[in-house]
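Let's look at a protein model together and learn how to read a few of its features.

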Amino acid sequence: MVEPAISVIVPAYNAAETIGGCLEALLHQTVPRERYEIIVVDDGSLDRTAEIVAGYAAAGVRLVRQPNGGAASARNTGAAHARGGLLLLTDSDCEPVPQWIERFEAAFQDPEVVGAKGTLLTRQRGLVPRFMQVEYEDRYDRYRGQECINFIDTGSAAYRRDVFLANGGFDTSVRYVEDQELSFRLAEKGYKLVFVPDAQVYHRHDRNLLEYLERKFNTGVWKARVMQRHPDRIVSDTHTPGVLKLQIVLLPLIAGLGLAAAAARGLAVPGWQGLLAGCLAAAALFLASGLPFLAKVIRRDPGVAPIVPAMLVLRALALGAGYAVGSLRWLRVEPAEKPILSAHHRLVKRLMDLAGAGVGLVLSLPLFAVIAVAIKLDSPGPVLFVQERVGANGRVFRMLKFRTMYVDAERRLSELVDLEHLEEPAFKLRNDPRVTRVGRFLRRASLDELPQFVNVLRGEMSLVGPRPEEVRLVRLYNDRQRRRLAVKPGMTGPMQVNGRGSLTLSQRLELELDYIEHYSLRRDLEILLRTLPAVVRGEGAY
C-alpha cells in the first residue's frame, strides 16, 4: 500500500451540523485522492459527529476517537496517527476550496518552508461575520508584503510533520491561542513560516456580537500567558496590527482621564480642563487610528461601515479586558514557562548594547584608519567584508568585518571544504590558505570584529551572545541546534571565552545553549570581562 504524502487533520467536537460539508469539500480536491488521507479526531462529542464521520469510511476517511481534551489535543492526536510527511489542518466548521491542498503542497516545494498559513472566507451575510471578514482581509494585506510570518492559525494551516512532532505539537495547556504559541516557538528557532493566500477555506465566523466579544475576551486572557513566554512578540507579532495594540492602550487611558476630569471638576479641583483635554485628545487619536480600516471597509463592504466605530471600541475593550484578566491570572510564571529573556532583561541588555557599542565604536575609530591602510597595502580588494549571517529568530542580516581573506576566498572554499558532507554544520580551517598576512594578525587579535559595533547599534547583534552563523550552515541545523537562534548573536560570547575555533560544534552548542537557558545580565558582564584575556591568550584564534 502506497503511503499518502499528505495528512489532513480535522478536530471535531459536537460538529454534527458542519462536519459533513467539511468532508465533502475535502473529498473533492484537485489533488489525486490516493495522495492524501483524511483523519477526523472526534474530541468526545455528545452529538452525532462520530456517527456522521463513520459514514464516510468507505471514502477512506479515518475516524479517531478520544475523550474531550480540546482542539489542541485533538490535532496532536491526529498528527500522531498521520502517515504523510505534510500535515494540513482545518476545522470542522470549514470547507476548503478544491485547490486547497494543491496550493499548500506547492508552497512546500521550497525545502526551507516548515509551516504555512492560508486564508479564511465566509458565505455568511450577517454584519458581524462580514466585519470579521474585513478584519481577516486587513491582516492578509499585511502578510502579502512579508517574506516570512510568525503566526499561523489552524483554520487553514500546514506543517512539516517531522518538525511539528519534534517540537511537541500544540501546547494543550494553552487554549484559544495554542496556534500562536506554536508559531512563536517555531519562529524563535528561525524556521520559515509563509503565507499562502490561495489556500482558502470557507469558515463559519462568529454569528453575533456576543460570540465575537466572548472570543476576543478569551483570546486576550490566553494571549497574556503566551506573551509571558514570548515577551518579544508584544512588539514583533505579525498577526496583531500595531494600530490595534495602540487602541487597546488608548481605551483605558481615555476612560481614566475622563473619570479623573469628572471627579476633579466635581470637587472643584483646578486643572480639570487639562485632564478633559487629554481625554479628548486620546479619543481623537483612537478615532483617527481607525480611519484606514474604515476606508478599507467602505471599499470592500460598505454595508458594514456604520458599525465599524462601535466594533473597534468593543474589540479593544474585550481584548484589553481579557489581557488584563489573563495578566492577573498568571501573575506567577512557572519556571518551565519563563522566557529566555524577560521584557526587563531585553530592555537592560539593549541599553547595555547601545552604550557599549557606542563607546566601543568611538574608541575604535583611530584603529579603523590604520587597519584600513594595512589591508589595502597587503592585498587588493575592499577594506570591509560584508556577509549575510543568521540572527535572532532566523532573521538574515549583513554582518560587517574587516576583510581578512583574499577576494577569491568564497570561490576557493569548495576546494577546501565539502559542505554537503560535513559531519556537523560548522567548520573552521587551521592555516587557511585564503587568509592574508594582515588578516592572520587581525584574527589573532580579534580586531576584524570591530565593525560589528555598527551591527550592534542597528539591533542586529548584541555585545554578548552566540556567534552569528552563515546562512548555508544554518540550513543544515537540526531542531536542537536551532535553539541557539532564540537570541541575538553576539560580538563575543561563551564560545569566544572558552576556546573559540578549537571547539567542536557540539561543544560550542552546549556552551551557547547553557548561556541561553541560564541567561543573566551578570553573566553577560562576566563574559565581557573575560573577553580581553581570552583574546590575549589567542586560544583557538585562526
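What follows is a short dialogue about cavities, cysteines and backbone angles.

Q: What kind of model is this, and how are residues numbered?
A: This is a predicted model, where local features need pLDDT of at least 70, side-chain atom pairs count only at pLDDT 80 or more, and totals for chains, interfaces and linings use all residues. Residues are numbered from 1 along each chain as its sequence is written, and side-chain values use heavy atoms, with hydrogens and water left out.

Q: How many cavities of 30 Å³ or more are there?
A: A cavity is a set of points, on a 1 Å grid over the protein atoms alone, where a 1.4 Å probe fits but cannot get out. Grid points are joined across faces, edges and corners, and a volume is the space filled by probe spheres set on the points. Here the count is two, and the largest cavity holds about 80 Å³.

Q: Which residues line the largest cavity?
A: Lining residues have an atom within 4 Å of a point. Among them are Glu135, Arg139, Val243, Phe293 and Arg315.

Q: How many disulfides does the structure hold?
A: A disulfide is a pair of cysteine sulfur atoms within 2.5 Å; this structure holds zero.

Q: Is Cys279 buried or exposed?
A: Buried means under 20% relative accessible area, exposed over 50%, and partly exposed in between (1.4 Å probe, protein chains only). Cys279, at 11%, is buried, while Cys148, at 36%, is partly exposed.

Q: What is the phi of Asn14?
A: Asn14 is not a glycine, yet has a positive phi of about 50 degrees. Asn14 is partly exposed, at 33% relative accessible area.

Notes
On a 1 Å grid over the protein atoms alone, a cavity is a set of points where a 1.4 Å probe fits but cannot get out, and a pocket is an open set with protein on both sides within 12 Å along at least five of seven lines; lining residues have an atom within 4 Å of a point.
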